[in-house]
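Here is a short set of exercises to work through with the model open in your viewer. Try each task before reading its solution.

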Amino acid sequence: MKNYFFILITSLFGFCISAQNSASATVNSRATVIDPIKIDKTVDLDFGNVISAYNPGRVILSPDGSRVAYGVQISNSIPGNVNPAEAVVTHGNNNYAITLPEQFTLYNQNNPNQILIIDRFTVLPEEGNILDVIKIGATLNLEANQLSGFYTNSSGFNVTVSYN
């Protein structure tokens with residue numbers, strides 16, 4: 001009987017020792033490091049010469065460089081510098097979003113109390129493989145009898161690009 005009891009105890013002890021208490025697997029790891037998105041301004045936004053009127057008006061400058069005036073006049077013979085803003089976005093063939101301000105204020109250089117508001121920004125991307133050229137237009141809003149002069153804002157407005 002003692003032999004059976006010894007064999008039984010030894011068998012159970014041996015079974016416990018050989019039972020699986022843990023398991024492991026090898027997991028491979030990977031990472032892809034991409035270049036940060038980058039934007040460089042190449043051209044400033046310039047609405048050119050606008051002729052004030054007795055009524056409020058606006059000038060729409062499209063990203064393609066064309067202008068349309070409502071309530072004010074633009075001179076085709078003396079247009080001034082007319083340019084949509086332009087920037088180069090380096091994105092490494094990744095998708096991204098463009099964020100523009102709701103509006104931006106320009107101040108008369110000689111009378112800072114006189115302002116012009118720019119809003120309704122529009123963007124036209126010329127897509128490439130790892131970089132795009134984006135052109136930005138907007139709407140310039142004039143008050144009735146807008147004071148003549150050079151309007152600007154040295155702080156500029158932000159164009160933000162970020163990966164999706």
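**Exercise 1. Take stock of the whole chain.**
Find what share of the 164 residues is buried, then describe the fold content and the contacts.

*Solution.*
- Step 1: In this predicted model, buried residues make up 21% of the 164 residues.
- Step 2: Turning to secondary structure, the chain has one helix and 14 strands.
- Step 3: Take the contacts with a separation of 6 or more; residues 24 or more positions apart account for 65% of them.
- Step 4: The chain exposes about 11,800 Å², and carbon and sulfur atoms supply 52% of that area.

**Exercise 2. Map the largest nonpolar core.**
Work out how many residues the largest nonpolar core has and which of them have the most contacts inside it.

*Solution.*
- Step 1: The core has 21 residues.
- Step 2: Those with the most contacts inside it are Leu-45, Phe-47, Leu-106, Ile-118, Phe-121 and Leu-140.
- Step 3: Now assign the core to strands: β4 (57-61), β8, β10 (103-108), β11 and β12 each supply at least two residues.
- Step 4: The largest share, five residues, comes from β12.

**Exercise 3. Follow two phenylalanines.**
List what Phe-121 touches beyond four places in sequence, then do the same for Phe-104.

*Solution.*
- Step 1: Setting aside residues up to four places away, Phe-121 touches Leu-45, Leu-100, Pro-101, Glu-102, Gln-103, Phe-104, Ile-136, Gly-137, Ala-138 and Phe-157.
- Step 2: Phe-104 appears in that list, and its place is in strand β10.
- Step 3: With a relative accessible area of 11%, Phe-104 counts as buried because that value is under 20%.
- Step 4: With neighbours within four places in sequence left aside, the contacts of Phe-104 are Leu-116, Ile-117, Ile-118, Phe-121, Asn-153, Ser-155, Gly-156 and Phe-157.
- Step 5: As a distance check, Phe-104 and Leu-140 are 36 residues apart in sequence, and their C-alpha atoms are 9.6 Å apart in space.

**Exercise 4. Trace the salt bridges.**
Find how many salt bridges the structure holds, and identify which residues are joined into one network.

*Solution.*
- Step 1: The structure holds four salt bridges; three of them are traced here, starting with the one between the side chains of Lys-38 and Asp-40, at 3.8 Å from N to O.
- Step 2: Both of its partners are partly exposed: Lys-38 has a relative accessible area of 45%, and Asp-40 has 35%.
- Step 3: Next comes Lys-135 with Glu-86, where the closest N and O atoms are 3.6 Å apart. This pair links distant parts of the chain, with Lys-135 in strand β12 (residues 131-142) and Glu-86 in strand β8, 49 residues apart.
- Step 4: Lys-135 is partly exposed at 21% relative accessibility, and Glu-86 is partly exposed at 22%.
- Step 5: Lys-135 also meets Glu-126 in a salt bridge, at 3.7 Å from N to O. Glu-126 is partly exposed, with 41% relative accessibility.
- Step 6: Through shared partners, these salt bridges join Glu-86, Glu-126 and Lys-135 into one network.

**Exercise 5. Examine a charged residue that is buried.**
Asp-119 is buried yet has no salt bridge: which side chain of opposite charge is nearest, and what polar contact does the side chain of Asp-119 make?

*Solution.*
- Step 1: Locate Asp-119 in strand β11.
- Step 2: The nearest side chain of opposite charge is Arg-120, 4.3 Å away. A salt bridge needs the atoms within 4 Å, so this pair does not qualify.
- Step 3: The side chain of Asp-119 makes a polar contact with the side chain of Asn-141, at 3.0 Å.
- Step 4: Beyond residues up to four places away, Asp-119 touches Glu-102, Gln-103, Ala-138, Thr-139 and Asn-141.

**Exercise 6. Check the backbone for positive phi.**
Inspect Arg-120 and Asn-93, and say where each one sits.

*Solution.*
- Step 1: Arg-120 is not a glycine, yet its phi is positive, about 50°. Its place is within strand β11 (residues 115-126).
- Step 2: Asn-93 is not a glycine either, and has a positive phi of about 65°. Asn-93 sits in the loop between β8 (85-90) and β9 (96-99).
- Step 3: For the surroundings of Asn-93, note a relative accessible area of 58%; this residue is exposed because the value is over 50%.

Note on methods
Residues are numbered from 1 along each chain as its sequence is written. This is a predicted model: local features need pLDDT of at least 70, side-chain atom pairs count only at pLDDT 80 or more; totals for chains, interfaces and linings use all residues. Side-chain values use heavy atoms; hydrogens and water are left out. Helices (H or I, at least four residues) and strands (E, at least two) are DSSP runs, numbered from the N terminus. Buried means under 20% relative accessible area, exposed over 50%, partly exposed in between (1.4 Å probe, protein chains only). A nonpolar core is a set of buried Ala, Val, Leu, Ile, Met, Phe, Trp, Tyr and Cys residues joined through side-chain atoms within 4.5 Å. Contact means heavy atoms within 4.5 Å. Accessible areas come from the Shrake-Rupley method with a 1.4 Å probe; for residues, only the protein chains shown count as cover. Lys and Arg count as positive and Asp and Glu as negative; His and the chain ends are not counted. A polar contact is a pair of N or O atoms within 3.5 Å; within protein, one must be able to donate a hydrogen and the other to accept it, and residues adjacent in sequence count only if both atoms are side-chain atoms.
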